[in-house]
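Hi,

Here is the structure I promised to pass on. Have a look at it first, and then read my notes below.

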Amino acid sequence: MSDHKLSTGDWAILAVISEAPTHGFHLAQLFARRAELGFIWTIQRPQIYRGLEYLEAEGFITPLRQEEGEAGPKRTVYA
């Protein structure tokens, strides 16, 4: 792990993933403005995906599997 500290957004993403494995698209929906967690803390979609990349690179999360999305690329589920 590097000496870089986790941002508040990284901690929020990590907290949700610690509750149950999930993917970036679901996280983006949860943290969107006026969504379940978005009423408390809004995290933009690009920040979600940068956070996932960083958390994986630092060993905080691991990819479990790929799931087909309704549209677009496969979704990586993290734990």
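**Helices first**

Let's start with α1: at 1.5 Å a residue, its twelve residues should span 16 Å, and the end C-alpha atoms are 17 Å apart, which agrees. Before you go further, bear in mind that this is a predicted model.

Which residues of α1 are buried? They are G9, D10, A12, I13, L14, V16 and I17. An α-helix has 3.6 residues a turn, so residues three or four places apart point the same way. The cover over the buried residues of α1 includes β1 (22-23), α2, α3 and β3.

S18 also sits in α1, but S18 is exposed, because its relative accessible area of 58% is over the 50% cut-off. If you want a pair to click on, try S18 and I61: they are 43 residues apart along the chain, and their C-alpha atoms are separated by 8.9 Å.

I ran the length check on α3 (residues 45-57) too. Its 13 residues should span 18 Å at 1.5 Å each, and the end C-alpha atoms lie 19 Å apart, which agrees. Buried in α3 are I48, G51, L52, Y54 and L55. Among the elements that cover these buried residues are α1 (8-19), α2 (24-30) and β3 (75-78). So α1 and α3 each turn up in the cover of the other's buried residues. Just after α3 comes G59, with a positive phi of about 85°.

**The chain as a whole**

Stepping back, the chain has three helices and three strands, and along the sequence they follow the pattern α-β-α-α-β-β. The radius of gyration is 12 Å, close to the 12 Å that the globule rule gives for 79 residues, so the chain is as compact as a globular protein of that length. Along its principal axes, the C-alpha trace spans about 35 × 30 × 20 Å.

How much of the chain counts as buried? The figure is 38% of the 79 residues. As for contacts between residues at least 6 apart in sequence, 47% of them join residues at least 24 apart.

**The pocket**

The largest pocket holds about 160 Å³ of space. Eleven residues line it, and those nearest its centre are S7, G9, D10, I43 and Q47. G9 and D10 are also on the list of buried residues of α1. Both α1 and α3 supply at least two residues of the lining. What is the make-up of the lining by class? There are four nonpolar, six polar and one charged residues.

**Two loop residues to look at**

The first is R34, in the loop between α2 and α3. Its phi is near 70°, a positive value in a residue other than glycine. Most residues other than glycine have a negative phi. Is R34 buried or exposed? At 66% relative accessibility, R34 counts as exposed, since the cut-off is 50%.

The other is P73, in the loop between β2 (63-67) and β3. P73 is exposed as well, with a relative accessible area of 67%. How far apart in space are P73 and F60? Their C-alpha atoms are 24 Å apart, with the two positions 13 residues apart in sequence numbering.

Over to you, and shout if anything is unclear.

Cheers

Methods: Residues are numbered from 1 along each chain as its sequence is written. This is a predicted model: local features need pLDDT of at least 70, side-chain atom pairs count only at pLDDT 80 or more; totals for chains, interfaces and linings use all residues. Side-chain values use heavy atoms; hydrogens and water are left out. Helices (H or I, at least four residues) and strands (E, at least two) are DSSP runs, numbered from the N terminus. The expected span of a helix is 1.5 Å times one less than its number of residues. Buried means under 20% relative accessible area, exposed over 50%, partly exposed in between (1.4 Å probe, protein chains only). Contact means heavy atoms within 4.5 Å. On a 1 Å grid over the protein atoms alone, a cavity is a set of points where a 1.4 Å probe fits but cannot get out, and a pocket is an open set with protein on both sides within 12 Å along at least five of seven lines; lining residues have an atom within 4 Å of a point. Grid points are joined across faces, edges and corners, and a volume is the space filled by probe spheres set on the points. Ala, Val, Leu, Ile, Met, Phe, Trp, Tyr, Cys and Pro count as nonpolar, Asp, Glu, Lys and Arg as charged, and the others, Gly among them, as polar. The radius of gyration is taken over C-alpha atoms; the globule rule is 2.2 Å times the number of residues to the power 0.38.
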